Structure formats: C-alpha cells, structure tokens
Amino acid sequence: MEVYIAIDFGTAFTGYCFKFSESKQVRQPKWGEEYGLNTPKTPTCILFDEDENFLKFGYDAVMTYTRQTRKNEAKELFLFDNFKMELFGKELHRDFMMTAKNGKEMRAMKVFSESLKFMKDHALDMIGKQASGLKYSASDATWVLTVPAIWSAAAKQFMREAATEAGLVTESEPERLIVALEPEAASVWCKQLPKEGFMEGHLTEAEIIEQVPGTQYMVVDCGGGTIDITVHEVVEGGHLKELHRVSGNNMGGQTVDKNFKAFIREIFSEKVFDEFEKHHPSELQRLMYDFSICKRYDGEVLVQCPYSLQQIASEVDDIEAYFSRDNDVDWESGQILLSGAKLKALHEDSVRGIESLMKEILKKPTLNIRYIFLVGGFALSPYVNRFVKEKFGSKCQVLCPVDAQMAVVNGAVMFGMMPNVVESRISVFTYGITVVHFFDKIKHKGKSKYVSKDGVQFCDVCFHCLVKKDESVPFDEAEQYIFNALEIDQREMLFSFYCTEKETAEFVDEEGMMKIGFLTVSMPKISQGRNRSVILEIKFGFTEMQATATDVDSGETTSVKMDFMSK
C-alpha cells in the first residue's frame, strides 16, 4: 500500500502527517503528551551534545536544555531554534555555518538533515504501528517537504539535499521527494473543505469551492518566519491556476517575539538583560516559549518571569521600580502582566507587513477575489485575524480553516498525490542564460569579449530570456532551445542561469541581474567540429526548475542537475 508522508518544517513548529493511498484519513501524531501538552506540532528545536552528536528534537530538546540549570552544562550543548529563516535572503553553499545558542558554529546542512532524519524516523515508526506491524522503510514512501513560496531556488535545493542526507530519498530516486510551496499546499486543503471546515462565515453558493470553476481566492499563510501569499482560480476538474506571482516577506509571528524580547530588554535595561541572556540561555528559551503561547490570546496576558532574571534585576533595583515607568506593563508576584494594548503594539510590524502585501494584490483590476483564506499558526492570533477581517472583510469573505496550523501539512499530502493540481504558475522573475553573439562594435561597446581559438570575436555576456516575469507557465510545458558549439574541439557546454526583476534584459552584467546557478552538458563526439548542437529543455512551471539536455550528435539525453548553490 503506497504511503504519502508530508513534513511541514516550520520556523517555530514542525509537524508531519501521512496518508495511505487507499484510505481517506489523513493521520498525524500528537506531541508533548509526556509534558502534559497535546499539540499537532513540536517546536523546531534541535539539541546536539558537545561533540556535535544528535541528542533531541522538539519538546524533548527544549525540556532537556531548559533543565540543564547548571549553566555550564547548557553552555556545552549546541541548541538551535528558529533556524529555518537562516536560509532566507542569503547566498547559500553546502558548508554554510550556523551559530548555536552557546555561540559555537556547526554546519547548517547537518542541523537541517538531522532534524529531517528525526521526523523521518518518527513517521516511519508511527506508520509501522498503524500498518499492523508491516515494516515501512523510507524508500516505500513518497515524501513531500514544504517550503515558503518566497524561498530562492538555492534554498529549495538546500532542503532537497538535506532531505537526501537525512535518508528520506536516495540520489537515484529524487522523484520520490516532492517540494511543495506552503501557500499552495494550504490552497489545495482549503479548496476541498466543506463549510463546516471553517471556523466562521459561510461559503456562499456551493458547499465546496473546488466545485465552482471560476472562483478566485487568496491564501494568506501566516507562519512563524514568513508571510506567504498566493492567488488561485479554480479551473475544470478542481485544478488550480495561479493568477498572481507568489509574494511574501519575513514578517511572520517571530517578529512579535523579537519585539517582545526588545521590550523586556528595555524594561530591565540592557545591562541586566544581557547578563541574563549570556548566563541563563535555557531560562530565556523558556520565557520566549511561554510568550509564544500568549500570542493566541486576546487582551492582557501574564508571562512567568524567569527566576534568574528577577535575581539579576533585583541586585540593581527594586523589582517593582522597573515596571513603574511603563503603563502597559505590571509586576504581579513573579509574573509580567502585559496589557492588551501592549500585545497589540507588539503585533504592529507583522500586521502592517501582511497589510501591504495584500493591498498590493487586491488593487489589481483584473482580479476578482471572492475569498481570503487565513492559514498557518500565526493566523490563530486574534490580532492578525481581526485585522484582516476589519481591513478586507468588506471586499472579500475572510475564512480561517478549523485546523489553521495544519492546513499546510494536510494539503501537502494531497499535493503529493496529485502534483499537477496547480496547472500553471506565474513566474516571479525573468529567467535566462548567458549566450555569446558575434561581437558588434556598436551594440557591444565596452562589453566583455571572448576570442575563439580561430580568432573569431564574440560578446560573451549576452542574455537569452527563457521565461519573463509575470508570464503564466503551464506546469508540464517544456521550453526547447538549440545551442551550437563555439570551439571545434569543445567537449562540454556550460549554461549559466540568471534572473532579474526586470521584464526585459539584454546583458547578464546589467544592474539587478543575479547569477543563480549553472548546468553542464557533455559533448563527447567532436568529429563534426563547430557543426554540433545541444538541445536544452527546461520546465519552469513546477515548484522546482527541471532541465534536460540532449547532445544531438551522440544522442545522449541527460537529466541535468541545475546547481543553485554557490559551492
């Protein structure tokens, strides 16, 4: 029996669910029961010992670390949390390092792959128990890994390589791992929900959105790290067509946590807080975790103040004195009382970030959006929820699915079963490759020059556009291009990939051009000299770019691995 396993590797929390192909039920584990908790996800937190050996993941990592109260013990251990955002907006390479809470560095690839390996082992173990003792191995499953829509091609590749290192798939069977975009997965989930599947509001007309072709809706995925937005239209057969390029930013729920931390530092003074942060990292961890739970509440909230912070602070001044300067915060026997107004103010940056993204899309006259679906753990924040309804509720119906924080992972399993559900996507950038043209003194004045072995001059920084920004690309459409050899004895052809936010471009050295990757095609037969060509075929319409190249003379077609990492 085929099994599909989806892992939602989140900034703050991580979860998975699975589904047997013959069964209708999507199943998921419960986390934290041994700590009196019961949550559908576990904190994205991983702990290694002083020799970089994996110890714990999730609640176990948080609890083991916070119990190392003898501060020297905690300092020896490598704890990473909220590390997913390390992949955002950076130039990535395989040996890129990340800093743990103890200030020491470790390879990011190891941190990510050990986290995925833990989820893989946990999932296979649980599936084995459900499948009446049948032993399932990683190669029996189709895996779906979700990533933010705004991730670069390099970040997607980084996650794929981490999953391969973790043993989810082998290099010989990459098709067993599907990379899904978080808001798309959530869209696949929301479109098939009956009206009882939403917390409030009623779906008008039909019971289920996917039954009404032509319906346009927006999915706003509010995660811990990122806010991701996609706009879809239902087409025949319940498939989807993307109407606006995915957009997003890094203003997720963690922005509120950062603001809270800065506020606490302000109250207790930098000197007190920095000493606390340096010597009691595990207690700070607990404080931030306690606060993250408060984000789900409306009005004033109580947050337990760590004992060490109280001690350090009271050596400098009377504890009540710290709280007399600000009306939005009070001291209540060992607890910090935040007013509703303060909690709202801590949300302000995030909420404005969400608003600007949504406004940008809703002002497009060609769109006729009926519904806005709010998904992700941060969508459960009353401040986010209320704000979106107040701001946009008169234009569209704003709905939040009952299991908002599970919409992505539940939808990801369904996406794995029908990866062609999104029939076409809008390109976020203009993509192309470097080509050479005969050097033209006027057109190529001041540009880089390449002289072939027999003295022919070429301009070697010309840009050949493959797909334009905002162009709609069918998921299965492969663009074909033919390129000829430059040198008589050339044995391989190298293609360098570039992208730009401009719609048109002529040269790869123009401002705004980014080199994003390359691929190499071997051309072993050289008897035809320069009279040889390569056919390059590229698919842009899926969640990851795919390319194949054929050396016409040898007839060899290779599925070429496009490399988007800098080394």
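A residue counts as buried under 20% relative accessible area, as exposed over 50%, and as partly exposed in between (1.4 Å probe, protein chains only). Gly89 is exposed, because its relative accessible area is 79%. Gly89 sits in the loop between strand S6 (78-81) and strand S7 (97-99). Its C-alpha atom and that of Ile369 are separated by 30 Å, and the two residues are 280 apart along the chain.

This is a predicted model, in which local features need pLDDT of at least 70 and side-chain atom pairs count only at pLDDT 80 or more, while totals for chains, interfaces and linings use all residues. Residues are numbered from 1 along each chain as its sequence is written, and side-chain values use heavy atoms, with hydrogens and water left out.

## The whole chain

The protein chain has 13 helices and 29 strands. These are DSSP runs, numbered from the N terminus: helices are H or I with at least four residues, and strands are E with at least two. Along its principal axes, the C-alpha trace spans about 85 × 60 × 60 Å.

How does the radius of gyration agree with that of a compact globule? With 567 residues, such a globule would have a radius near 24 Å; the protein chain has 26 Å, which agrees. The radius is taken over C-alpha atoms, and the globule rule is 2.2 Å times the number of residues to the power 0.38.

Buried residues make up 54% of the 567 residues. The accessible surface comes to about 25000 Å², and 48% of it belongs to carbon and sulfur atoms. These areas come from the Shrake-Rupley method with a 1.4 Å probe; for residues, only the protein chains shown count as cover.

Contact means heavy atoms within 4.5 Å. Take the contacts between residues at least 6 apart in sequence: 69% of them join residues at least 24 apart.

Now the charges. The protein chain has 66 positive and 86 negative charges, and their mean positions are 2 Å apart. Lys and Arg count as positive and Asp and Glu as negative; His and the chain ends are not counted. Each charge is placed at NZ of Lys, CZ of Arg, CG of Asp or CD of Glu.

## Two nonpolar cores

In soluble globular proteins, nonpolar side chains tend to be buried together. A nonpolar core is a set of buried Ala, Val, Leu, Ile, Met, Phe, Trp, Tyr and Cys residues joined through side-chain atoms within 4.5 Å.

The largest nonpolar core has 93 residues. Phe80, Phe112, Leu116, Trp143 and Phe495 have the most contacts inside it. Helix H3 (residues 108-130) gives this core its largest share, 11 residues. A second, separate core has 55 residues, including Val303, Trp331, Ile336 and Tyr383.

Which residues does Trp143 touch, leaving aside its neighbours within four places in sequence? Trp143 is in contact with Ile5, Ile7, Lys120, Leu124, Ala138, Leu168, Val169, Arg176, Leu177 and Ile178.

## Three buried residues

Ala547 lies in strand S28 (residues 546-551). Val467 belongs to strand S22. Lys342 is part of helix H11 (residues 340-362). The table pairs each one with a second residue and gives the C-alpha to C-alpha distance.

| Residue | Relative accessibility | Paired residue | Apart in sequence | C-alpha distance |
|---|---|---|---|---|
| Ala547 | 4%, buried | Met562 | 15 residues | 7.1 Å |
| Val467 | 2%, buried | Gly432 | 35 residues | 6.8 Å |
| Lys342 | 15%, buried | Asn327 | 15 residues | 9.3 Å |

Contacts fill in the picture, again leaving aside neighbours within four places in sequence. Val467 is in contact with Ser427, Phe429, Thr430, Tyr431, Val473 and Phe540. Lys342 is in contact with Phe263 and Asp328.

## Two positive phi angles

Ser269 has a phi near 80 degrees, a positive value in a residue other than glycine. Ser269 is found in the loop between helix H6 (254-268) and helix H7 (270-279). At 30% relative accessibility, this residue counts as partly exposed.

Asp470 also has a positive phi, near 70 degrees, and is likewise a residue other than glycine. Its loop runs between strand S22 (457-467) and strand S23 (472-474). Is Asp470 buried, partly exposed or exposed? Its relative accessibility is 35%, so Asp470 counts as partly exposed.
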